[in-house]
Amino acid sequence: MAEFITTYGFLIVSMVFAAMLALSLYLPLMTGQLSLASPGFYALGGYIAAVMSTKVFPPTPQGEIFPLVYLLIEMLVAAVASALLAVLIGIPALRLRGIYLALATIAFVEVVRVLSLNLEITGKAIGIFGIPQPFLNKFEYMWIAAPMLILSTWFVYRLERSRVGRAFAALREDELAATAMGVNPTYNKVLSFTMGAVLAGVVGAVSAHFLNTWNARQGTFDAAILYLAFVIIGGSRTYLGPVLGGLLLTALPEVLRALAGVEFLPAFVAQFLVDGRLIIYGLLIALATIFFPQGLITPTMLKRLARRGT
Amino acid sequence: MFKAYRPTRFILFLFILVAALSTQFVFAQDQEPIKIGVAVAQTSNVALLGQEQVIGAQIAEAYFNEKGGVNGRPIQLVLQDTAGDEAGAINAFTTIIADNVVGIVGPTLSQQAFSADPLAEQAQVPVLAPSNTARGIPEIGEYIGRVSAPVAVVAPNAVRAALELDPNIKDVAVFYAQNDAFASSETTTFQETVTALGLNLATVQTFQTTDTDFSAQVTNALALNPQLAIVSGLAADGGNLVRQLREFGFTGLIVGGNGLNTANIFPVCQALCDGIIIAQAYSYAADTPINNEFRTIYKEQQGKEPPQFSAQAFAGVQVFVEALIRLDNIVPLETLDLATTRKLLNVFVLAGGYETPLGPISFTPTGEIVQAQYYVAQIKMNEDGQTGVFTFIR
């Protein structure tokens, strides 16, 4: 078991982070807004943590670990910064709908990337490296990652059943009808957008430590598409969909890599699993969208399971 | 009504996942081949470089096994794909370390090294970087070294070579791709070299690797009438910039950065590529016994001259093999457990000198390469304007 954790600790924590990033994209989607801004806030949170831990806080003495309190402060700063920026961007951007909002948020992600490539404080193209470690090994990040995932999932689960959540759903189903019934569209859209941004920013702050380094290659447009895939494959109509999508799609390439190590496999199959794992990965995603057009988890499926349970 | 929902299927799925993953640990503790890890980018947009590294490492594996491996015990490469990102590098490193390798050659990019090398340092596994050229790589830890000379050492040679070709150079125009990590660190070196050589840094123009139109930058620079242009970018944009410089009437010498150090720029600037001067950490023309052998094998397999990336990967594997042989001569490897082997191997890697295809190399105590010789090549395009060669002028 210890060996399993040494080898897959990093992967397991990455899966948890991916699940939360998928949730951060799912939150604006609850109001029917396709926003791809999450990677921008993720990058922002990462830079905040990277700069604070390497330049603001006193250097960690050799052989000691980075105090956890500092990490929590960084997460808090990242959350506040992401929230402020999200409100600032959200109010004008959310006047756009559908594909135009998606485009505007892609532009935001690009702005963050180009800024971080050019600013002295973000280390330009090389980025910031030598970020101190608050834990002894990668798996111990679960002490932060697991509570974060449980809290955020529980939060979204409760949200879906609250007054605000029903307002979100109403906006998603029919904005005009919802507005006529007294739901404030701007307020609710900006709220969902901001919640997604805060989650992405906080995950970014922890990720900077987790990856040891932070640069402009983190949280790019490619990442936005990946998060969208998490949501679409997992299911975009219930909170469990994005979580499962993030966990599954992050694990899949590495599981395929590990499968090659199975002893009784013929050599060419093992070789194909190593070299062709991305082909299989792509194929599985394509098949999933064909056979599960609503995503792996749908509200109907949850209802059916619930009925069987009673 | 959701209270009754029991996620049995997910739990079952998780069990299958865990079972699938744990089968990895059923490896036999065989006495036989010594495993050396190679973690480079075999997929993503960095794969072109990574593939060259895989070829170089595999040639080294076959070559040294034919020579008897480590005092009779063969070596075996364990290849893992890092892809082009940081998380991929960490995943590849953890997989490879769990596979009981004695050392790792990799990763491809410097940013990946900043991410994955601390893991190897923590696990006390020696790492030799085959192509990380950024500042600060060997300083990541005592187990981290590199066989790729840092850009600050290699690049100035091209400017010196240009001065030899045209001693009248006074004003220099520098261009660089500001969104590329390598180009933006390389240009700092170029600019420092220009100033150090007493030349006038007339202008610094920036562009993006995705740009195709450079007329603004070229017009700005040519207004100052420079005699030398220095371009740091990647193949497509760098090649286009060179072409537009020439089309706008620039007649001086052009020095290219390492991103232009590939035959892939020939189709971009075609006949106008002629004369670009590029500094090299490796020359296929170097007349040493080991390089001649390496060059012959590479040409037989690939039908072209070996590039720098393959030679550096070869050198990485070679350093591990030769250090293992010296270690085995003093303490037989069978008597050592894996952790001790790794620790001692690191000491032996740093202590030795090696006759590699790159020429004679050794290491500083921190793991930085000490390379005896650098080269400068100039592009000579053929009559057809489509093909060309790098001819070594220094």
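**Exercises: two chains and a shared core**

**Exercise 1.** Which residues of helix 1 of chain A meet helix 9 of chain A, and at what angle do the axes cross?

*Solution.* Start with the contacts. On the helix 1 side you'll find A:Ala18, A:Leu21, A:Ala22, A:Leu25, A:Tyr26 and A:Leu29, and they meet A:Tyr227, A:Leu228, A:Phe230, A:Val231 and A:Gly234 of helix 9 in chain A. Keep in mind that you're looking at a predicted model.

Next, the geometry. The axes of helix 1 and helix 9 (residues 221–234) of chain A come within 8 Å, and they cross at roughly 80°. Angles of 65 to 115 degrees count as roughly perpendicular, therefore these two helices of chain A are roughly perpendicular to each other.

**Exercise 2.** Work out what chain A is built from, and check its radius of gyration against that of a compact globule.

*Solution.* First, count the elements: chain A has 13 helices and 0 strands. Reading from the N terminus, you just get α again and again.

Now the check. For 310 residues, a compact globule would have a radius of gyration near 19 Å, and the 20 Å of chain A agrees with that. The C-alpha atoms of chain A fill a box of roughly 60 × 50 × 35 Å along the principal axes. Buried residues make up 48% of chain A.

Finally, look at the contacts in chain A with a separation of 6 or more: 83% of them link residues 24 or more positions apart.

**Exercise 3.** Do the same for chain B: how many helices and strands are there, and what is the radius of gyration?

*Solution.* Chain B mixes its elements, with 13 helices and 15 strands. Its radius of gyration is 23 Å, close to the 21 Å from the globule rule for 394 residues, so chain B is as compact as a globular protein of that length. The box around its C-alpha atoms is roughly 70 × 70 × 40 Å. In chain B, 51% of the residues count as buried.

**Exercise 4.** Where does the largest nonpolar core lie with respect to the two domains of chain B?

*Solution.* Begin with the members. The core holds 211 residues, and those touching the most other members are A:Ala19, A:Met20, A:Leu21, A:Ala22, B:Phe93, B:Ala158 and B:Ile277. Helix 1 (residues 2–29) of chain A gives the largest share, 18 residues.

Then bring in the domains. Domain 1 (34–149 + 287–363) and domain 2 (153–280 + 375–392) of chain B both contribute residues, so the core lies between them.

To zoom in, pick B:Ala158. Leaving aside neighbours within four places in sequence, B:Ala158 is in contact with B:Val255, B:Ile277, B:Ile278, B:Ala279 and B:Val376.

Terms used:
Residues numbered from 1 in each chain as written. Chains lettered and ligands numbered in written order. Predicted model: local features only at pLDDT ≥ 70, side-chain atom pairs only at ≥ 80, totals over all residues. Core = buried A, V, L, I, M, F, W, Y, C linked by C-beta atoms within 7 Å. Buried ≥ 20, exposed ≤ 12 C-beta atoms within 10 Å, placed from the backbone. Helix = DSSP H or I, 4+ residues; strand = E, 2+ residues; numbered from the N terminus. Domains from an automatic or database assignment. Contact = placed C-beta atoms within 7 Å. Rg over C-alpha atoms; globule rule 2.2 N^0.38 Å. Axes fitted to C-alpha atoms, helices over the stretch in contact; angles between N-to-C directions. Parallel < 35°, antiparallel > 145°, perpendicular 65-115°, else oblique.
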